[in-house]
Amino acid sequence: REFVPTNSDRVIGEVATVTKAIEKDKNGEVKVLGNIWTACSDSKIAVGAKVKVLAIDGVKLIVKVEEE
């Protein structure tokens, strides 16, 4: 049986794709490293946007729009 790391910190700094729109006061969802996570941001972000993972708060990622 192959070992699968569970260290969620590895997603910090990764680029994710928004799969459910993120509103300023409402969580959305992102896909990063093949997994879907709940995500929040201090700005509105549309589906399909690329975001950078800044931190993890419990089971939720804190993200910001990826600068081009």
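Trainee: Which backbone oxygen does the side chain of S41 reach?

Mentor: In this predicted model, the side chain of S41 reaches the backbone oxygen of V63, and the separation is 3.1 Å. There is a second polar partner to look at, for the backbone nitrogen of S43 lies 3.4 Å from a polar atom of the side chain of S41.

Trainee: Where does S41 lie, and is S41 buried or exposed?

Mentor: S41 lies in the loop between β3 and β4. To judge burial, one compares the relative accessible area with a cut-off, and buried means under 20%; S41 counts as buried because its relative accessibility is 8%. When neighbours within four places in sequence are left aside, S41 is in contact with I22, E23, K24, V63 and K64, and V63 is also the residue whose backbone oxygen the side chain of S41 reaches.

Trainee: How should I read the strands, and what pattern do they follow along the sequence?

Mentor: Begin with the elements in sequence order, and then turn to how they are arranged in space. The protein has zero helices and five strands, so that reading along the sequence gives the pattern β-β-β-β-β. In space, the five strands close into a barrel in the order β1-β2-β3-β5-β4, with mixed pairing. From one strand to the next, the twist averages 55°.

Trainee: Which strands form hairpins?

Mentor: One hairpin is made by β2 and β3, with two residues between them, and L33 in its turn has a positive phi of about 50°. Strand β2 covers residues 28-32 and strand β3 covers residues 35-40, and they pair in the antiparallel sense over five bridges; within this pairing, E29 stands opposite T38 in β3. Another hairpin is made by β4 and β5, again with two residues between them, where G58 in the turn has a positive phi of about 70°. Strand β4, residues 50-57, pairs with strand β5, residues 60-65, in the antiparallel sense over six bridges. Here D57 stands opposite K60 in β5, and K52 stands opposite K64 in β5.

Trainee: Which way do β3 and β5 run, parallel or antiparallel?

Mentor: They run parallel, and three bridges join β3 to β5. In this pairing, A39 stands opposite L61 in β5. Strand β1, residues 15-20, pairs with β4 in the antiparallel sense over three bridges, and V15 stands opposite K52 in β4.

Trainee: How do the side chains of a strand point?

Mentor: As a general idea, in a regular strand the side chains alternate between the two faces of the sheet.

Trainee: What does E66 touch in the segment after β5?

Mentor: Not counting residues up to four places away in sequence, E66 touches V15, K50, V51 and K52. The C-alpha atoms of E66 and V51 are separated by 4.5 Å, although these residues are 15 residues apart along the chain. E66 counts as partly exposed because its relative accessibility is 25%.

Trainee: How much of the whole protein is buried?

Mentor: Buried residues make up 24% of the 68 residues in the protein. The accessible surface comes to about 4,800 Å², of which 49% belongs to carbon and sulfur atoms. To see how the chain meets itself, take the contacts between residues at least 6 apart in sequence, of which 33% join residues at least 24 apart.

Conventions: Residues are numbered from 1 along each chain as its sequence is written. This is a predicted model: local features need pLDDT of at least 70, side-chain atom pairs count only at pLDDT 80 or more; totals for chains, interfaces and linings use all residues. Side-chain values use heavy atoms; hydrogens and water are left out. Helices (H or I, at least four residues) and strands (E, at least two) are DSSP runs, numbered from the N terminus. Buried means under 20% relative accessible area, exposed over 50%, partly exposed in between (1.4 Å probe, protein chains only). Contact means heavy atoms within 4.5 Å. Accessible areas come from the Shrake-Rupley method with a 1.4 Å probe; for residues, only the protein chains shown count as cover. Two strands pair if DSSP finds at least two bridges between them. Axes are lines fitted to C-alpha atoms, for helices over the stretch in contact, and angles run from 0 to 180 degrees between N-to-C directions. A polar contact is a pair of N or O atoms within 3.5 Å; within protein, one must be able to donate a hydrogen and the other to accept it, and residues adjacent in sequence count only if both atoms are side-chain atoms.
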